[in-house]
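Work through these short exercises on charged side chains. Keep the structure open as you go.

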Amino acid sequence: MSIGAKLKALRAEKKKTQQQVAEELKITKSSLAMYERGDRIPRDEVKVRLAEYYGETVQSLFFS
C-alpha cells in the first residue's frame, strides 16, 4: 500500500475530513491532500506528527 493510501485509510478510520486532520496537525488541507495523493512526501517533523496522530510509528507509515 502506498503512503498516500495508508494516510487516507487511517483518516477514514477516524471518520475525519481532510480539513479536520489538517487543522489538528497545524498543516494546510492542500498539503494533506497532496500527501494522500502521493504528490508530496511530508517533512520529517510532519511525518512525526502524522504518526503520533494516527498512533503509528514513522517507520510503519513511511518506510514499510
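**Exercise 1.** Is Lys47 buried or exposed?

Solution. The model is predicted. Start with the relative accessible area of Lys47, which is 10%. The cut-off for buried is under 20%. Therefore Lys47 is buried.

**Exercise 2.** Find which residue forms a salt bridge with Lys47, and place the pair in the fold.

Solution. Step one: the partner is Asp44, with the closest N and O atoms 3.7 Å apart. A salt bridge needs these atoms within 4 Å, so the pair qualifies. Step two: both residues sit in helix 4, which covers residues 44–54. Three residues separate Asp44 and Lys47, about one turn of the helix. Step three: check Asp44 itself. Its relative accessibility is 59%, so Asp44 counts as exposed.

**Exercise 3.** Which residue pairs with Glu45, and which network do the two belong to?

Solution. Glu45 forms a salt bridge with Arg49, at 3.5 Å between the closest N and O atoms. Both lie in helix 4, four residues apart, again about one turn. Now widen the view: salt bridges link Arg43, Glu45 and Arg49 in a network. For accessibility, Glu45 reaches 49% and Arg49 26%. Glu45 is thus partly exposed, and Arg49 is partly exposed too.

**Exercise 4.** Describe the salt bridge between Glu24 and Lys16, then state how many salt bridges the structure holds.

Solution. The side chains of Glu24 and Lys16 meet at 3.0 Å, N to O. Glu24 is partly exposed at 42%. Lys16 is partly exposed at 26%. The structure holds six salt bridges.

Methods:
Residues numbered from 1 in each chain as written. Predicted model: local features only at pLDDT ≥ 70, side-chain atom pairs only at ≥ 80, totals over all residues. Heavy atoms only, no water. Buried < 20%, exposed > 50% of the residue type's maximum accessible area, 1.4 Å probe, protein only. Helix = DSSP H or I, 4+ residues; strand = E, 2+ residues; numbered from the N terminus.
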